[in-house]
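Here is a short note for a colleague who is meeting this entry for the first time. The points below begin with one residue and then turn to the chain around it.

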Amino acid sequence: MPTISRDEVAHLARLARLAVTEEELDLFAGQLDVILTSVARVRQVATEDIPPTSHAIGLEDVFRDDLPGPCLTQQQALSGAYATEDGRFRVPRILDES
Amino acid sequence: MTAGMTTELMDYDEVVARFDPVLGLEVHVELSTATKMFCSCPNVFGAPPNTRVCPTCLGLPGSLPVLNRAAVESVIRIGLALNCSIAPWCRFARKNYFYPDMPKNFQISQYDEPIAVHGSLELQLGDGSTFTVGIERAHMEEDTGKSLHIGGRTGRIHGASYSLLDYNRAGVPLIEIVTKPIVGAGARAPEVARAYVTALRDLLRALGVSDVRMDQGSLRCDANVSLMPRGSSVFGTRTETKNVNSLRSVERAVRYEMCRQAAVLASGDEIVQETRHFDEASGTTSTGRRKETSEDYRYFPEPDLVPITPSDEWVEKLRTTLPELPWQRQARVQAEWDLSDLELRDLVNAGALDLIAATVDAGAPPAEARSWWVAYLTQQANARGVELAELGINPHQVARVIALVGAGTLTNNLARRVVDGILAGEGEPDDIIATRGLAVVSDESALAAAVEQALAAQPDVAAKIRGGKVAAAGAIVGAVMKATGGKANAQRVRELVLARCAP
Amino acid sequence: MSQLTRLSAAELAERISRRETSAVEVTQAHLDRIGAVDPVVRAFLHLDAEGALAAAAAVDEGLQHGDPAASPLAGVPLALKDVFTTVDMPTTCGSRILKGWRPPYDATVTRKLREAGVVILGKTNMDEFAMGSSTENSAYGVTRNPWDLDRVPGGSGGGSATAVAAFEAPLAIGTDTGGSIRQPSSVTGTVGVKPTYGGVSRYGLVAFSSSLDQGGPVARTVLDAALLHEVIGGHDQLDSTSIDAPVPPVVAAARAGATGELTGVRVGVVNQFRGEGYQPGVLRAFEIAVGRLRDLGAAIVEVSCPAFDYALPAYYLIAPSECSSNLARFDGMRYGLRCGDDGTRTAEEVMSLTREAGFGAEVKRRIILGTYALSAGYYDAYYGQAQKVRTLIIRDFAAAFEKVDVLISPTTPTTAFRLGERVDDPLAMYLSDLCTIPSNLAGNAALSVPAGLADDDGLPVGLQVMAPALADDRAYRVAAAYEAARDATDGDPLWSRVPDLTEDRSPGPSIGTEDRSPGPSIAEVVGR
């Protein structure tokens, strides 16, 4: 029984916006199963009273003063864009606009 | 599909006879800090597109967020004003989902560790009763960019439409304030919803943390509505209505959803959990995004930001900066102005109380401040179909006009013309007096000359006055007022006429 | 080869500041060397000869006017990993999705280098978005190990390590998320340092795994690495995780170490990092290194860090999770590649096609793995549990550093492996980072210093020295002392024994330029 099914990989790829091919699905499903089986070892560790660590170096309360700084120019902001129009990024139509 | 085009609605009285509504209100407030939440780009409305952006709010590769201290202080003050507990330790999380108006395809937000929790807000309803809404949480997050949709379906299978994105708004500090489920409002539910958003807006305005302009989107409300059969305590399936852009719409949207859901339930169908959109013009809601599966946002602690640990000292220091809050102000002015409960409620309902109080604070006598706001300005607001607060005149300007009348610079008539100028966007009272030439003519010699001229033009009237018929002076006063374009002080003119014609 | 390219950065800076040679001459010598050997090793993705010469000329001009040198490295050339943003050069992260992208801003590291008068020659090759241990995951072809052109230079920073090992630059910048500075340094015989997390600003470092990524120096000597460390280190208000404290005195530590002994220094040998899976030649080289440290007066102590056994699996949950989120922004909407925008497809479809075509296999694997580990039903079992293991690793380090001043291990279990050897076996590839990962998870400082050649294959071995957070100087001191003792015994520094790549030696079959992604080729999707 694999840790992760081909269907699950397909679902995750959709969630991650990756239009993977059928061949990739076959390949990734197998590889991810091997990887997941291996990394699942973390579950063997007894960690009942252990707090999780998300930041190794425990800094707290880092703030910035509310003072305006320089912005990019519109030209700089749009410099990497595939398409622009009227100073804006032009993108394909967005479905289900809320 | 066509069957769904005409939505069945149940009569409201029947709805509330058969069902108990449950509301949940999520209000998003854009803070009016000088800069954005995580970068030092100016937080301004209406700049040319993509000119208030930097690598961070554009989500460019390599950029990093740094938290705006003023935004944290604002949310702590909001939390305190809503009687919330301020968490001694909290942090940000990433909410992951793809959407083109979100430059990083994740939103930095707070998930299970919000900064303010468990508060309440007391509302006054139109019938004089009060209703307490529980506050679940208030948390910080960042706003998205804005998209502009171009073109549309033109009949071809593949429409040629596309979207244009402006990220000036991306990263603007947002506070999301979420109520606990509001139960027990019954037939008053739509009114409660409106009263809640109104009270929250007034509170945020008093705190000075936001422009709270619903029309500009700096205050946005999503209304969750569900129904349960009378007597049940099991919540029904809810819908979330978005695009509710005015106080009136909050009330209408809730009422509409109650009637719609009741009809669905009465016909034996189930409510679909979905996002719905409120249409201002028709006053109806319609299906928005129907999620194929429940969204999995894959929240995890934001690794690029560190935790926030508001100390007691900091929180207490911020508590001392809280201004007089709306309900405190109401209690005070009711006593100071000697208002009955009914009078107070009328002022509150008209949205005038805070404006009057602020006008008084700016130096105007309470009676005159009240008179201006409830009479002339309320008429103007009604004529324009806007809230008093959105009329385009502020308490300082009203106080200035009142002061000018008191000083004799303006007559009441002139004062209204100055106010009209302010409403027309012509500037401050003194500027308008100068540009429109509205000041009372106070030059005695000019007035005397005008009186002389009027008497000369109507010798028969002058004779009558001299003959003791004082009432005839009105005709001369009228002529002088006409000659001076209404800018003379009629009382003074009358004195001059009588003095000149003294027997 | 110009002798200038064989000098250390410290010496070059001295000569430039004394005006015995010019920064322009030094830069030109390195550009010539790059011209001669880069077609073979392919360390660089982008060269900026003009910009480099102009920067060098500016340094010379300043010195001519009598200005003090901007830093102890003014005029010295450097190779910058292509994961730091640069306004005057593309920044691709070794990915097709960022092909040709010119950022509108400089990374803080880039800015500090420029301000220090360091001459940036160009951008170096890397595994795509720093995910890999061989630089074979670059969309722009492989980099070859100068010690053996059929072998990998390690990864992800194979380009930076190779540039330094092959005398293309005396200095380079790398980034280390799970070992991407230290492991390439180990297999190319160079010095590579991962500073304490937060010691070097991440602003402008394109994120792979934000809580682990750390920029750091690559050099041929410990002192050079320390000099570069002090140039790029220090607090940055643009990075919330940047430590607001002075840079540890690493240069002083390197100088002191080179002349001193290690008497009284307690060195812990990590039990967990020996034995099965380790190449015998690597272990023998490591034992020799331990002996040298003992000869220098260090007290050698065996230390057990049992949680380290779980570092690798914890890492391969945390890093992919963060990467799945960090890389979401590459969707073709605002910058970089866009595929399939034919006027009929939706933004969502175009995003998916763009990401499919723009990312290589390893990046996709990790994004999918991370998406899985963060999913609602699996979060606690995977991501949450990995973060708890992280706590245990930090505790193991803390306990160890109560007993010893530094910990040591081999940097990586084997010497450089052959090109292609592990490409199809992700798990085997991941094992390269076995010994380096704990310091990323715990955030402490760690470096790799060359420990001679393995007796079984004649390839470089690295000695990893780990120090507590903010005590980076301790690792430098031990490494510098070891380096001096090693060179004294061997008679010449290890770096001087790199094969002369300008000899007529044909590289192996070209496997560099074609795309190895199993996805559709770029020609198959609608390009720009």
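**A buried threonine and its chain**

1. T436(C) counts as buried because its relative accessibility is 0%, where buried means under 20%. The model is a predicted one, and this value, like the others in this note, is to be read as computed from that model.

2. As to its place in the chain, T436(C) sits in a loop of chain C, with helix 14 (426-430) on one side and helix 15 (437-442) on the other. Leaving aside residues up to four places away in sequence, T436(C) is in contact with G178(C), G179(C), R182(C), T411(C) and Q464(C).

3. Chain C as a whole contains 16 helices and 11 strands, and 69% of its 528 residues are buried. Of the contacts in chain C with a separation of 6 or more, 77% are between residues 24 or more positions apart.

4. On overall dimensions, the radius of gyration of chain C is 22 Å, which agrees with the value near 24 Å for a compact globule of 528 residues. Taken along the principal axes, the box filled by the C-alpha atoms of chain C is roughly 70 × 55 × 50 Å.

5. Turning to the surface, chain C has an accessible area of about 15,200 Å², and carbon and sulfur atoms account for 51% of it. Chain C carries 47 positive and 65 negative charges, and the mean positions of these two sets lie 2 Å apart.

Key
Residues numbered from 1 in each chain as written. Chains lettered and ligands numbered in written order. Predicted model: local features only at pLDDT ≥ 70, side-chain atom pairs only at ≥ 80, totals over all residues. Heavy atoms only, no water. Helix = DSSP H or I, 4+ residues; strand = E, 2+ residues; numbered from the N terminus. Buried < 20%, exposed > 50% of the residue type's maximum accessible area, 1.4 Å probe, protein only. Contact = heavy atoms within 4.5 Å. Rg over C-alpha atoms; globule rule 2.2 N^0.38 Å. Areas by Shrake-Rupley, 256 points an atom, 1.4 Å probe, with all protein chains shown as cover. Lys, Arg positive; Asp, Glu negative; His and termini not counted. Charge placed at Lys NZ, Arg CZ, Asp CG, Glu CD.
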